[in-house]
Structures are given as structure tokens and as C-alpha cells.
Amino acid sequence: MHYFVLSLFCTTTRIFHFILETISHAEHSLSITTPYFIPTESVVSALLNAALRGVDVRLIVPIEADNAFVNWAMRRYFDDLLQGGIRILRYQGGLLHTKSIAVDDESAAFGTLNIDNRSLHLNFELMMVIFDDEFVASLKQLHRTYEAKCIEVSPQEWRQRPLSNR
């Protein structure tokens, strides 16, 4: 068993670079849960690059956020992400408040960080980076539990959605 926990409590540059590095180190699978997904262009590029490298990238977000403006902003990058091969799963099982990242079978990040500009650039956030096989397996099982309560966004259906939803 490899067990190591690293806590990061930081703002702006460090947390932003942490997310980019986490995405960049994925080799096989990357699963992200976040209640607010309003990424920067750099995060979108890192996710698309991971998918181009053959990484199975899954994004689990709520089907509806608690604010209409957030809903619109969250959907801004869906077209690009779907075209890049990223699976977007919209959770419909109630409140999704988990903020976590599972990378391959090797590491996980769990904490307060949303993938949005406030968390990445303004707020003080706390993330634990965990290198423990059992924890990562448990987190991946949690993600699969969420996925069972999700509707996957079909790229074709997304492109054909009504104008009122664009």
C-alpha cells in the first residue's frame, strides 16, 4: 500500500497550476466531480490534450446548478469538450457537492476546489492529494455510483438541442 497525503491550502497560481499538472499527469483515466464547472481556457485545453493522449476523461456535474447564470456558464464549453472526446455526465440524483479528481489508479484529489474561476483564482481552497491505492479505488467507486445516476450528454443530441437551450 502506498499511503501519502499532501494538503494544499493556497490561492491563485498554486491551485491553478496544481489542477493543470493533475490533468497533465493522467495516462489512462481522469474523472472529475464538481458542482460548478466554469473552467478557464487553460483547463479546457488541458482536458482536451488529455483526451487526445487517449485518456478516458469523464466530467461529472449536476444536471442543474443552484443558479440559472451558473447553468448557462457551465454549458459554455460542452461543445468543445464533447467534440474532443470528453464524456460529460450530468448528475440527476440530487445535490452533487463532491469536489474530487481521480487520476488513473494512482492518485486522487479531494477538497473544496470547484473547477471555476473563483476557486481557481480568488478563493482560498483546501485540497488533499492522496496517493493510496485503497482510497483511489474507493473514490473511483463513488464516481461510478454517481455515474449510475447521471445522464450522459450525447454529442449529437447536444448539437441538435433546441435554440432555447443554447
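Is D104 buried or exposed? Let me begin with that residue, keeping in mind throughout that we are looking at a predicted model. At 4% relative accessibility D104 counts as buried, because the threshold for that label is anything under 20%. Its place is in the loop between β6 and β7, the latter being residues 107-111, and what makes D104 worth a slide is its backbone, since it has a positive phi of about 50° although it is not a glycine. As background, most residues other than glycine have a negative phi.

Let me step back to the whole chain for a moment. The protein chain holds seven helices and 10 strands, and of its 166 residues, 48% are buried. If we take the contacts between residues at least 6 apart in sequence, 78% of them join residues at least 24 apart, and the next few examples show individual cases of residues that are separated along the chain.

I will start with the aromatic rings, of which a search of the whole structure finds four pairs. In one of them, the ring centres of F78 and W158 are 5.1 Å apart and the planes stand at 50°, so this pair is classed as tilted. The two partners come from distant parts of the chain, with F78 in helix α4, residues 78-83, and W158 in helix α7, residues 155-159, which places them 80 residues apart. F78 counts as buried at 1% relative accessibility, and W158 is likewise buried, with a relative accessible area of 8%.

Another pair is formed by Y91 and Y146, whose ring centres are 5.3 Å apart and whose planes are at 70°, so that this one is edge-to-face. Because Y91 lies in strand β5, residues 87-91, and Y146 in helix α6, residues 133-147, the pair ties together parts that are 55 residues apart in sequence. Here too the partners are buried, Y91 at 6% relative accessibility and Y146 with a relative accessible area of 12%.

There is also a ring with a charge above it: the charged end of R76 sits over the ring of Y77, at 4.5 Å from its centre.

Since Y146 has brought us to α6, let me stay with that helix. It has 15 residues and reaches 21 Å from its first C-alpha to its last, which is close to the 21 Å expected at 1.5 Å a residue. Which residues of α6 are buried? They are V136, L139, K140, H143, Y146 and E147, and because they cover an arc of only 110° around the axis, they fall on the same side of α6. The general background is that an α-helix has 3.6 residues a turn, so residues three or four places apart point the same way.

I turn now to two loop residues that touch each other, K99 and P35. K99 has its place in the loop between β5 and β6, the latter being residues 100-103, and at 11% relative accessibility K99 counts as buried. Its side chain makes a polar contact with the side chain of H97, at 3.1 Å. If we set aside residues up to four places away in sequence, K99 touches T33, P35, A109, F110, G111, T112, L113 and N114.

P35, for its part, is in the loop between β2, residues 29-33, and β3, residues 37-38, and it counts as buried at 5% relative accessibility. Leaving aside neighbours within four places in sequence, P35 is in contact with P62, M74, L96, H97, T98, K99 and N114. For the last of these, the C-alpha atoms of P35 and N114 are separated by 6.8 Å, although the two residues are 79 residues apart along the chain.

R118 offers a case with another accessibility label. This residue lies in helix α5, residues 117-122, and it is exposed, with a relative accessible area of 52%. R118 and P39 are 79 residues apart in sequence, while their C-alpha atoms are 9.8 Å apart in space.

Finally, a word on N71, which is found in helix α3, residues 68-74. At 9% relative accessibility N71 counts as buried, and its side chain makes a polar contact with the side chain of E64, at 2.8 Å. Not counting residues up to four places away in sequence, N71 touches E64 and A65, so E64 appears both in the polar contact and among the residues touched.

Notes. Residues numbered from 1 in each chain as written. Heavy atoms only, no water. Helix = DSSP H or I, 4+ residues; strand = E, 2+ residues; numbered from the N terminus. Buried < 20%, exposed > 50% of the residue type's maximum accessible area, 1.4 Å probe, protein only. Polar contact = N/O pair within 3.5 Å; in protein donor to acceptor, adjacent residues only side chain to side chain. Contact = heavy atoms within 4.5 Å. Phe/Tyr/Trp six-rings, centres within 6.5 Å; stacked < 30°, edge-to-face > 60°. Lys NZ or Arg CZ within 6 Å of the ring centre and 35° of its normal. Expected span 1.5 Å × (residues − 1). Arc of directions from axis to C-beta.
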